[in-house]
Amino acid sequence: MDIRSTSCCSSDSCCESVGNPLDNPAANPRDIAAQAAAQIAAATGVAHHDIALTLGSGWAKAADLVGELVAEIPATDIIGFSKPAVEGHVGTIRSLRTPNGKNVLIIGARTHFYEDHGVRRVVHSVRTAAATGAKIMVLTNGAGGLKETWEPGTPVLISDHINLTASSPLEGATFIDLTDLYSARLREVARTVKADLDEGIYAQFRGPHYETPAEVQMVKHMGGHIVGMSTALEAIAAREAGMEVLGFSLITNLAAGISPNPLSHQEVMESGKAAEPVISQLLASVVAAL
Ligand code: 8IG
């Protein structure tokens with residue numbers, strides 16, 4: 001039997017040298033997600049998760065109040081997960097237990113579409129979350145905002161998306177309805193925690209460059225309000241897997257050309273940092289209410 005289809009290992013050079021099983025076109029990504037879920041169950045001692053939460057940029061510490069840490073493992077110990085794009089930053093997978101007894105899978109390792117590892121790797125964490133039993137997928141990201149009233153550091157709900165990647169995680173003639181992809185029910189639950197949470201339509205670009213001002217105007221004319229480089233493809237995979245999706249963007253900067261100032265990575269980092277206590281409390285309260 002081909003070792004790539006059965007196991008990964010904990011040294012980070014190993015996954016690289018044997019390749020990622022998702023890259024084998026003959027492999028079924030759902031089978032690999034099922035293996036990953038079994039490995040997570042074995043490594044955490046938690047057989048079943050109820051909710052999964054992907055931490056995007058700016059949200060790294062936002063899950064710390066969600067519950068008590070049960071276990072934490074490097075994502076690269078789990079089959080199908082990719083080495084992090086940023087060297088020296090190992091993404092982790094955590095299992096937390098909320099005060100009301102729910103098991104929450106925290107995915108701190110996101111593979112972006114712009115890394116060019118293919119869309120299967122981009123959505124593997126979502127498929128794995130579904131295979132652990134999670135029925136609700138909470139996707140978070142850092143993003144640019146088109147509404148001038150959104151100060152950097154404002155968290156907003158994602159109400160819908162425009163997928164500008166020209167890709168899909170669905171393979172073959174798989175027709176999936178995306179009406180209400182970002183669950184209206186879950187957005188209402190979020191608003192029971194913070195009534196004035198604004199919402200917007202998220203446009204996923206490939207990146208990794210930021211948009212030109214003309215591209216931001218294009219999104220505005222299309223009806224979009226948020227620009228980013230993740231989430232839409234993951235949300236589609238979550239829906240395919242039968243999960244309910246809740247999406248949050250942390251607006252860390254105004255999109256290019258909306259503000260007269262150029263985008264500054266420094267500013268993005270600073271506004272993300274400043275928002276940490278607010279979004280941590282928000283996320284913990286929302287997850288408790290789910
Ligand atoms: I943070 O302005 C963050 N991520 N595409 N555009 C895109 N992604 C982003 C942006 C932005 N800010």
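Guide: A helix here is a DSSP run of H or I with at least four residues, and helices are numbered from the N terminus. Keep in mind that this is a predicted model.

Visitor: Okay, so what makes α7 a helix under that rule, and which part does α7 play in the lining of the largest pocket?

Guide: α7 covers residues 265–289, and a helix needs at least four residues, so that run qualifies. α7 gives the lining its largest share, six residues. Other elements that each supply at least two residues include β3 (92–97), β5 (136–145), β8 (226–228) and β9 (244–254).

Visitor: How much space lies in the largest pocket, and which residues are closest to its centre?

Guide: About 1400 Å³. There are 48 lining residues, and Gly56, Ser57, Gly58, His112 and Tyr114 are the ones closest to the centre.

Visitor: Why does Gly count as polar here, and how do the residues of that pocket lining divide?

Guide: The nonpolar list doesn't include Gly, and neither does the charged one, so Gly goes with the polar residues. On that basis the lining of the largest pocket has 20 nonpolar, 20 polar and eight charged residues.

Visitor: Why are α2 and α3 called oblique to each other?

Guide: Helix α2 (residues 29–44) and helix α3 (residues 119–131) pack at about 55°, with axes 8 Å apart. Roughly parallel would need an angle under 35 degrees, and roughly perpendicular starts at 65. The α2–α3 angle falls in neither range, and the pair is therefore oblique. Their crossing is right-handed.

Visitor: What makes α2 and α3 count as being in contact, and which residues meet?

Guide: Contact means heavy atoms within 4.5 Å. From α2, the residues are Pro29, Arg30, Ile32, Ala33, Ala34, Ala36, Ala37 and Ile40, and they meet Arg120, His124, Arg127, Thr128 and Ala131 of α3. That contact divides into eight nonpolar, two polar and three charged residues.

Visitor: Why is one space called a cavity and another a pocket?

Guide: In a cavity a 1.4 Å probe fits but cannot get out, whereas a pocket is an open set, so the way out decides the name. Two cavities reach 30 Å³ or more. The largest cavity, at about 40 Å³, is lined by Gly80, Phe81, Ser82, Ala109, Thr111, Arg121, His124 and Ser125.

Visitor: How do you know that the peptide bond between Gly207 and Pro208 is cis?

Guide: Omega is about 0° for that bond. Pro208 sits in the loop between β7 (199–204) and α5 (213–222).

How values were computed:
Residues numbered from 1 in each chain as written. Predicted model: local features only at pLDDT ≥ 70, side-chain atom pairs only at ≥ 80, totals over all residues. Heavy atoms only, no water. 1 Å grid on protein atoms, 1.4 Å probe; cavity = no way out; pocket = protein on both sides within 12 Å on 5 of 7 lines; lining within 4 Å. Points joined across faces, edges and corners; volume = space filled by probe spheres on them. Axes fitted to C-alpha atoms, helices over the stretch in contact; angles between N-to-C directions. Parallel < 35°, antiparallel > 145°, perpendicular 65-115°, else oblique. Left-handed = near helix turned anticlockwise from the far one by under 90°.
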